[in-house]
Amino acid sequence: MKILVIGSGGREHALAWKLAQSPRVKKVFVAPGNGGTAAMPHLENLAIPEIERLADFCVAEDVHLTVVGPEAPLAAGVVDHFRERRLRIFGPTRAAAQLESSKAYAKDFMQRHGIPTAQHRTFTDPAQAHAYITERNCALVVKADGLAAGKGVVVAATPDEAHAAVDDMLERNTYGVQHGEDGARVVIEDFLEGEEASFIVLVDGTRVLPLASSQDHKRLRDGDQGPNTGGMGAYSPAPVVSPEVHARVMREIIMPTVQGMAADGNPYTGFLYAGLMIDRQGHARTLEFNCRLGDPETQPILMRLKSDLVHVLDAAIDGKLDKLELQWDRRTALAVVMAAPGYPETPRLGGAIEGLPAPAEDLQVFHAGTRLDGNVLRTAGGRVLAVTALGDSLRMAQQRAYAGLRQIRFEGMQFRQDIGWRALKR
């Protein structure tokens with residue numbers, strides 16, 4: 001069979017790599033793909049950006065199923081369109097994808113359905129937002145309402161930082177957010193103490209199948225310092241998600257979300273990502289929802305997945321997730337992101353990349369922002385590569401990943417040297 005993956009990042013490279021391992025798959029198309037997917041056997045990049053033309057391609061090539069990687073096509077209604085054409089596709093509808101495309105919608109949804117999250121308010125008027133910041137006079141998180149490629153969030157330790165973030169989001173749109181029909185909005189919420197984790201599940205409308213737990217590293221620099229990014233590294237499993245925490249998250253967050261979406265008339269299918277803050281007592285509150293796999297969490301999660309991903313996605317599309325049990329590699333997986341100089345504000349692109357280590361059973365380099373220029377691989381995005389390794393312990397996976405990373409060279413490359421530090425401290 002043939003499969004289509006929509007997207008161009010590290011998540012999509014990992015998806016295509018895993019799907020191509022199925023004995024039932026002849027070819028995986030990636031639209032538009034990147035330099036890594038262009039060079040892999042059984043993968044083929046497609047320069048077809050339009051949803052209508054991609055649907056035409058799937059009909060002409062008899063593509064068995066389509067998997068949507070990033071948020072933008074989901075918010076644009078790619079799942080609705082493909083379903084109208086009777087094409088098999090895994091992902092939420094445009095209405096259901098509002099859980100990610102509108103932070104204000106997600107907060108209102110959580111409030112209506114009793115899903116634990118931080119105290120918050122939504123604003124369109126800068127003066128009202130500034131007045132609320134002054135009134136709260138505490139650490140806050142300011143979020144742009146709309147699609148921002150994971151970067152439209154500012155953790156403001158002081159009121160001055162929160163005021164500046166509101167101006168950046170409502171007045172200047174510094175983060176290049178794709179606003180909804182109501183224009184620029186910000187969600188301002190209380191800062192939550194604890195440890196973050198990524199909790200990702202597959203949903204078939206009513207049933208849920210959890211993936212392995214993971215933890216992302218959002219800040220640019222070691223020790224969780226510097227600006228927020230789309231993610232500088234991740235590992236799986238995340239020790240903070242104990243069996244007790246896992247059961248509580250399923251009971252208090254995941255199932256109420258799936259049931260609430262159905263009750264609201266927007267039944268949810270696809271990957272559902274809950275970004276969690278877990279306190280010392282093991283109570284979890286929801287920071288955000290994503291309607292897709294996380295990036296870079298996907299890379300270590302799929303390195304550990306032993307089940308046939310095509311079989312899993314078929315079951316999800318057919319409403320049969322209750323028939324499945326996923327098989328996992330017992331080892332830990334860890335991914336370190338290598339970013340372009342100037343990332344996340346103004347990445348400088350076009351540098352030549354050299355020294356990529358050869359793929360191995362316990363090491364894969366997943367490409368994100370790369371392109372092939374003849375025979376030369378060049379940087380083409382803020383996050384460039386995710387060096388991902390397996391190890392019998394987190395420390396061993398970390399050592400293996402960094403050993404692979406040190407072979408790679410491109411001008412001005414940035415990476416954190418402490419991916420996994422929270423789990424190693426436990």
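How many residues does helix H10 have, and how far does the helix reach from its first C-alpha to its last? In this predicted model, helix H10 runs over residues 243-263, has 21 residues and reaches 28 Å between those two atoms, a span close to the 30 Å expected at 1.5 Å a residue. The helix is not straight throughout, since H10 bends by about 40 degrees at Met250, and Met250 itself is listed among the buried residues of the helix.

The other buried residues of H10 are Val245, Val249, Ile253, Ile254, Pro256, Thr257, Val258, Gly260 and Met261. An α-helix has 3.6 residues a turn, so residues three or four places apart point the same way. The partners of this buried set comprise both helices and strands: the buried residues of H10 pack against helix H6 (98-101) and helix H7 (103-112), and also against strand E10 (195-204), strand E11 (208-210), strand E16 (269-278) and strand E17 (284-290). After the helix comes Gly265, whose phi is positive, near 85 degrees.

A second site of interest is His217, which lies in the loop between strand E12 (215-216) and strand E13 (219-221). Because its relative accessibility is 4%, and buried means under 20%, His217 counts as buried. When residues up to four places away in sequence are not counted, His217 touches Thr229, Gly231, Met232, Gly233, Ala234 and Tyr235, together with Arg416, Asp418, Ile419, Gly420 and Trp421.

With regard to cysteines, a search of the whole structure finds zero disulfides. Cys138 is partly exposed, with a relative accessible area of 27%, whereas Cys291 has a relative accessible area of 2% and is therefore buried.

These local features belong to a protein chain that has 14 helices and 22 strands. The C-alpha atoms of the chain fill a box of roughly 60 × 45 × 40 Å, taken along the principal axes. For a chain of 426 residues, a compact globule would have a radius of gyration near 22 Å, and the 20 Å found for the protein chain agrees with this expectation. Of the 426 residues, 57% count as buried, and among contacts with a separation of 6 or more, residues 24 or more positions apart account for 69%. The protein chain exposes about 17400 Å², of which carbon and sulfur atoms supply 47%.

Methods:
Residues numbered from 1 in each chain as written. Predicted model: local features only at pLDDT ≥ 70, side-chain atom pairs only at ≥ 80, totals over all residues. Heavy atoms only, no water. Helix = DSSP H or I, 4+ residues; strand = E, 2+ residues; numbered from the N terminus. Buried < 20%, exposed > 50% of the residue type's maximum accessible area, 1.4 Å probe, protein only. Contact = heavy atoms within 4.5 Å. Expected span 1.5 Å × (residues − 1). Bend = angle between axes of the 7 residues up to and from the residue. Disulfide = S-S within 2.5 Å. Rg over C-alpha atoms; globule rule 2.2 N^0.38 Å. Areas by Shrake-Rupley, 256 points an atom, 1.4 Å probe, with all protein chains shown as cover.
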